[in-house]
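Subject: Structure handover

Hello,

Here is the structure you are taking over, followed by notes on what was found in it. Please read the notes with the coordinates open.

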Amino acid sequence: MYLSVQFPAALAAQRSFCDGPEQPLGASRDLYCIELVRAVGIRSASGRVELGRAPGPFTVDVTADGHLRYTAAVTLSGLARPSSLGRFTSYVAWVASPTMGVVRRLGVVDNGRTVLPAIALDKFVILISAEQSGAAQEMSGRLVLRGMSPSTRLQPPDFMQFALGAVPPDSGEHAHHAQAGGDSLRWTMVPMPPGLSMLPAEMTLRPNVEPYLPHASTGATVPIVQPRQLVRLSSGDTLRLTAGIVRRPFKGDTLTMFAFNGQQPGPLLQVAQGAEVIVELTNSLDQPTTVHWHGIRLENAFDGVPDLTQRPVAPGERFTYRLRFPDAGIYWYHPHVREDIQQDLGLYGNLMVRSPRPDYFSPAYREEVLMLDDLLVGDDGLVPFGKEETTHALMGRFGNVMLVNGEPRYSLSVANGEVVRFFLTNVSNTRTFNLSFPGARMKVVGSDVGNYEREEWVESVVISPAERYIVHVRFDRTGDVALVNRIRGLDHLFGRFFQEADTLGVVRVNGRAPTPNLATSFNRLRTDTAVRADIARYRKHMTRPADKALVLTMEARDLPFFTRQIMQLDSIFFTPVEWSGTMPGMNWAATGDQVRWILRDPATGKENMDIDWSFRRGDVVKVRLLNERRSFHGMQHPIHFHGQRFLVLAVNDVANTNLVWKDTVLLPAGASADILLDLSNPGRWMVHCHIAEHLSAHMMMAFTVQ
Ligand SMILES: [Cu+2]
């Protein structure tokens with residue numbers, strides 16, 4: 001069998017985007033494939049490793065502490081008989097740290113494709129050696145092939161980077177930016193994340209727009225923000241919703257922010273599936289607004305998109321929304337005007353649509369509805385926003401204060417043995433969270449538009465802006481359990497990853513839970529037969545080639561020389577998910593007139609609002625999304641389709657085996673995803689990135705359902 005390059009049929013069928021000629025809309029080989037190189041004296045062997053993903057409920061596979069986890073599949077050919085290299089019987093694959101300090105056995109490999117155990121290391125090397133025994137636990141034989149993970153291309157600073165950054169520019173392009181700002185409001189330096197350093201040139205950057213923060217008009221009494229209230233609405237009810245200005249006490253200071261009905265988050269609306277209600281919006285802000293009812297397949301005229309479905313509601317004006325709720329699940333509402341300002345300042349609320357099925361969820365003692373956010377606060381309070389254009393147009397506005405339901409510290413008391421159902425909504429501008437309750441078991445039961453086909457154990461929840469996840473957590477030990485966000489940050493300047501952990505809250509577990517004991521039902525992973533039957537109707541559409549495609553990319557112009565040079569150097573590697581803002585100065589100073597994020601239809605070459613897709617009601621369309629790696633800056637994008645629902649069929653050609661209806665999908669940098677779009681709802685609808693600053697920087701298109 002050695003020296004054979006023939007693949008068995010079954011293995012050939014599993015060929016990945018790493019093999020064969022490069023596909024124009026395939027995932028990035030540069031980020032997700034390793035080309036193995038021959039060791040000295042080895043003549044004929046070759047191979048590559050696909051950094052694959054195990055099928056799972058999230059588009060990114062990551063450990064609870066934030067390490068990306070790759071299911072490596074190695075494809076080898078041309079390996080000679082091991083005995084031809086010496087006293088060897090087998091080939092074994094190993095994974096090692098870049099310095100070879102730690103070497104771990106992956107398993108026996110051979111010509112053809114072998115799926116290896118998962119690897120969860122920041123940077124690593126794959127080695128293939130010939131060994132005396134296939135059971136070898138230490139690498140002692142002869143090295144045959146080796147390859148390095150794409151992340152190893154990140155290196156400590158070189159002379160070029162320091163030379164660029166060491167000298168602040170003394171004239172020209174940045175000097176006048178420091179003067180931006182009218183009366184009292186001026187740009188000061190953006191807060192620096194702890195442990196990172198900024199080059200002098202970066203510290204001189206300022207956004208080339210006017211700073212904006214809301215302020216109450218003279219003499220007006222501004223109410224203090226109130227906690228969220230639950231509002232149950234029956235069919236035919238009318239809710240009056242006012243977007244207005246509030247004062248929020250914060251660490252001995254007072255911030256001026258926005259709120260719906262004076263509450264942060266806005267009122268938690270609860271309706272029955274199938275209900276119809278009226279919402280009368282009053283705009284008491286200093287700027288136009290609308291409300292978008294995220295994820296709800298409602299009548300197009302009430303979707304809240306300015307200049308597409310309605311005129312923006314001017315300050316002092318009103319608009320009446322008529323809402324219907326065809327799908328059970330957890331949804332949310334927010335303005336669709338300058339989300340980077342209005343949503344960030346507190347205009348967001350949840351909307352719970354209850355199924356009539358009494359057993360819709362498996363049992364839990366209580367429900368907690370959590371809106372996750374981050375706020376960017378400096379020494380003088382909130383960091384101002386860009387008035388004419390968004391700031392933070394590169395990576396989006398990462399906050400430095402984590403909020404759960406508007407508060408910096410969430411707390412909950414439960415009895416020992418309780419099962420809690422958490423409804424999680426990420427309302428931050430750009431941050432993707434990796435949430436876990438260390439010490440408590442968790443299963444994911446639902447996402448954007450209803451339940452998964454079956455419940456699934458997870459060690460953490462990866463939730464990008466606008467996504468929702470419903471999880472059940474059982475607390476079965478007394479003591480405190482933290483709700484944490486744990487991720488690997490990327491120090492671009494020093495080419496290293498580092499651990500970041502934020503505690504968002506704490507669950508105090510004490511006493512004994514009342515009967516019945518839910519351990520048995522919690523330990524069972526339930527299948528939702530209604531969801532499975534609904535999705536089964538779409539199976540016939542799943543296997544055909546994609547009908548449409550969208551490429552996600554970007555362009556930049558007029559960026560400062562320093563920013564442009566550093567970012568070009570940085571583009572040697574893009575991490576699949578930028579979990580935190582580690583280029584704060586360059587990112588902050590880049591505005592919506594310098595950065596254009598792009599949705600491109602490769603079939604026509606059209607971009608953003610020039611794209612004009614047209615479908616008929618009842619069409620089921622498979623769309624390939626590709627997050628272009630070869631752009632000026634590659635990062636993840638949560639892509640949201642208005643007014644419809646879709647299934648995420650596959651990511652990087654790995655098919656998902658447990659489906660759920662979604663309205664937002666997170667695309668890691670360089671990744672592909674196939675989604676199946678159910679075009680059930682007529683009207684003219686938006687598709688856009690839900691990073692608020694990317695939307696402000698043009699990353700949107702529209703489509704029509706006749
Ligand atoms: Cu985006």
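Strands β14 and β16 pair in the antiparallel sense over seven bridges, and within that pairing Val279 stands opposite Tyr321 in β16. Please keep in mind throughout that this is a predicted model. The two strands belong to an open sheet of four, ordered β12-β11-β14-β16, in which the pairing is mixed. β12 (253–260) and β16 (318–324) stand at the edges with a single partner strand each, so one side of each has no neighbour in the sheet. On average, neighbouring strands here are turned by 25 degrees against each other, direction ignored.

This sheet also carries a salt bridge. The side chains of Arg240 and Glu280 meet at 3.5 Å, N to O. Arg240 is in strand β11 and Glu280 in strand β14 (residues 276–283), and the pair links distant parts of the chain, 40 residues apart. Arg240 is exposed, with a relative accessible area of 56%, while Glu280 is partly exposed at 22%.

Other salt bridges

The structure holds 42 salt bridges. In general, side chains of opposite charge can pair when their charged atoms come close. Two further pairs and one network may be of use to you:

- Glu35 and Arg48 meet through their side chains at 3.3 Å, N to O. Glu35 lies in strand β1 (residues 33–38) and Arg48 in strand β2 (residues 46–52), so the salt bridge ties together parts that are 13 residues apart in sequence. Arg48 has 23% relative accessibility and counts as partly exposed.
- Arg397 and Asp344 form a salt bridge at 3.1 Å, N to O. Both partners sit in loops: Arg397 between β22 (385–386) and β23 (401–404), and Asp344 between α5 (339–342) and β18 (349–354), 53 residues apart. Arg397 is buried, with a relative accessible area of 2%, and Asp344 is buried with a value of 2%.
- Arg297, Asp327, Asp534, Arg537, Arg645 and Asp678 are linked in a network of salt bridges.

Copper site

Which residues coordinate the copper ion? The donors are His637 (ND1), Cys689 (SG) and His694 (ND1), at 2.0 to 2.1 Å. Along the chain they follow the spacing H-x51-C-x4-H. His637 lies in strand β37 and Cys689 in strand β43 (residues 683–689), so this pair ties together parts that are 52 residues apart in sequence. His637 is buried, with a relative accessible area of 1%, and Cys689 counts as buried at 0% relative accessibility.

Sheet that includes β37 and β43

β37 and β43 are part of an open sheet of five strands in the order β35-β44-β43-β37-β41, with mixed pairing. At its edges stand β35 (612–615) and β41, each with a single partner strand, so one side of each is left without a neighbour in the sheet. Neighbouring strands of this sheet are turned by 20 degrees against each other on average, direction ignored.

At one edge, β35 and strand β44 (residues 700–705) pair in the parallel sense over four bridges, and Phe615 stands opposite Val705 in β44. At the other edge, strand β37 (residues 637–641) and β41 pair in the antiparallel sense over four bridges. There, His640 has Thr664 in β41 as its bridge partner. In strand β41 (residues 664–667), Thr664 and Leu666 point one way and Val665 and Leu667 the other way, and all are buried.

Nonpolar cores

In soluble globular proteins, nonpolar side chains tend to be buried together. The largest nonpolar core here has 105 residues, and those with the most contacts inside it are Trp293, Phe325, Leu351, Leu550, Leu647 and Phe703. Strand β11 (residues 238–250) gives the most to this core, with six residues. A second, separate core has 78 residues, including Leu31, Ile119, Trp579 and Val660.

What does Phe325 touch, leaving aside residues up to four places away in sequence? Its contacts are Val271, Ala272, Gln273, Gly274, Ala275, Val277, Ile296, Leu351 and Val353. Leu351, one of these contacts, is also among the residues with the most contacts inside the largest core.

Regards

Note on methods. Residues are numbered from 1 along each chain as its sequence is written. This is a predicted model: local features need pLDDT of at least 70, side-chain atom pairs count only at pLDDT 80 or more; totals for chains, interfaces and linings use all residues. Side-chain values use heavy atoms; hydrogens and water are left out. A nonpolar core is a set of buried Ala, Val, Leu, Ile, Met, Phe, Trp, Tyr and Cys residues joined through side-chain atoms within 4.5 Å. Buried means under 20% relative accessible area, exposed over 50%, partly exposed in between (1.4 Å probe, protein chains only). Contact means heavy atoms within 4.5 Å. A salt bridge is a side-chain nitrogen of Lys or Arg within 4 Å of a carboxyl oxygen of Asp or Glu. Two strands pair if DSSP finds at least two bridges between them. Axes are lines fitted to C-alpha atoms, for helices over the stretch in contact, and angles run from 0 to 180 degrees between N-to-C directions. Donors are N, O and S atoms within 2.8 Å of the metal (3.2 Å for Na, K and Ca); water is not among the atoms, so sites may look incomplete.
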